[in-house]
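Dear colleague,

I am handing over the structure below, and after it I set out what was found there. Please have the model open beside this message as you read.

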Amino acid sequence: MQHQGVTLWFTGLSGSGKTTIAKAVEREIKARHCKVEMLDGDIVRTNLSKGLSFSQQDRDINVRRIGFVANLLSRNGVVAITAAISPYRAIRNEIREMTESFMEVYVNAPLEICECRDVKGLYALARSGEIKNFTGIDDPYEEPLNPEVICYTAKESIEESVGKVIAELERYSYLPMRQLATLAV
């Protein structure tokens, strides 16, 4: 099945649900036999951006690298899904400007919900001062001003959030409409 490539950029606080929703969207895209690639922020940082700190400059370098790879993929007909905190609005807008087909998905969850979901204990370490420059604690997260999709993960189920993303991909013709199986009469 032929489809248009797009960079699908998930942004939000740590623990907001970016990766969970992105993986479910990836499964749905694969089920439609479309080309898709997932670029998770933690995995990219380990393999493509090893050695970078969490300063604003290094975070911007990391986001630019993710954006560059996602753009390469999307312009070659792949739905490139990114799931990275990408806390600064200016760098996200820079990626949007350099990318032909771009959709921003803001995974919105209150800080206290994200802290409750934190299985790695990173928020507790940041609050105790053991981790510096942690987004949402002592480093800002700048909410997107005009994302194509907002998922409110404290109020919506994963399925509802995924449905919103898929509906927008279909609306912009990045994904073919799901074909219903015909029943034998």
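Helices here are DSSP runs of H or I with at least four residues, strands are runs of E with at least two, and both are numbered from the N terminus. With those terms, the protein reads β-α-β-α-α-β-α-β-α-α-β-α along its sequence, which comes to 7 helices and 5 strands. Please keep in mind throughout that this is a predicted model.

As for the overall form, a compact globule of 185 residues would have a radius of gyration near 16 Å, and the protein, at 17 Å, agrees with that. Taken along the principal axes, the box filled by the C-alpha atoms is roughly 65 × 35 × 30 Å. Of the 185 residues, 49% count as buried, and among the contacts between residues at least 6 apart in sequence, 75% join residues that are at least 24 apart.

The surface that the protein exposes is about 10,000 Å², of which carbon and sulfur atoms supply 53%. There are 23 positive and 25 negative side chains, and the centres of these two sets lie 3 Å apart.

Turning to the interior, the largest nonpolar core has 25 residues, and those that touch the most other members are Leu 8, Phe 10, Val 25, Ile 29, Ile 81, Val 165 and Leu 169. Two or more residues of this core come from each of β1 (6-11), α1 (18-31), β2 (36-40), β3 (79-83), β4 (102-108), β5 (149-152) and α7 (158-171), with α1 giving the largest share, 5 residues. Leu 169 may serve as an example: leaving aside neighbours within four places in sequence, Leu 169 is in contact with Val 6, Leu 8, Val 25, Ile 29, Met 103, Tyr 174 and Leu 175. There is also a second, separate core of 12 residues, which includes Leu 39, Ala 84, Ile 91 and Ile 95.

Some single residues may also be worth finding in the model. Gly 41 is in helix α2, which covers residues 41-47. Is Gly 41 buried or exposed? Its relative accessible area is 11%, and buried means under 20%, so Gly 41 is buried. Not counting residues up to four places away in sequence, Gly 41 touches Ile 66, Ala 83 and Ala 84. Between Gly 41 and Ile 91, which are 50 residues apart in sequence, the distance from C-alpha to C-alpha is 15 Å.

Two residues other than glycine have a positive phi that you may like to look at, His 33 with a value near 60° and Asn 133, also with a value near 60°. His 33 is in the loop between α1 and β2, and because its relative accessibility is 66%, where exposed means over 50%, His 33 counts as exposed. Asn 133, found in the loop between α6 (122-127) and β5, is partly exposed, with a relative accessible area of 34%.

Finally, Leu 72 has its place in helix α3, residues 56-74, and is partly exposed with a relative accessible area of 30%. The C-alpha atoms of Leu 72 and Phe 54 are separated by 25 Å, while the two residues are 18 apart along the chain.

With best regards

Notes:
Residues numbered from 1 in each chain as written. Predicted model: local features only at pLDDT ≥ 70, side-chain atom pairs only at ≥ 80, totals over all residues. Heavy atoms only, no water. Rg over C-alpha atoms; globule rule 2.2 N^0.38 Å. Buried < 20%, exposed > 50% of the residue type's maximum accessible area, 1.4 Å probe, protein only. Contact = heavy atoms within 4.5 Å. Areas by Shrake-Rupley, 256 points an atom, 1.4 Å probe, with all protein chains shown as cover. Lys, Arg positive; Asp, Glu negative; His and termini not counted. Charge placed at Lys NZ, Arg CZ, Asp CG, Glu CD. Core = buried A, V, L, I, M, F, W, Y, C linked by side-chain atoms within 4.5 Å.
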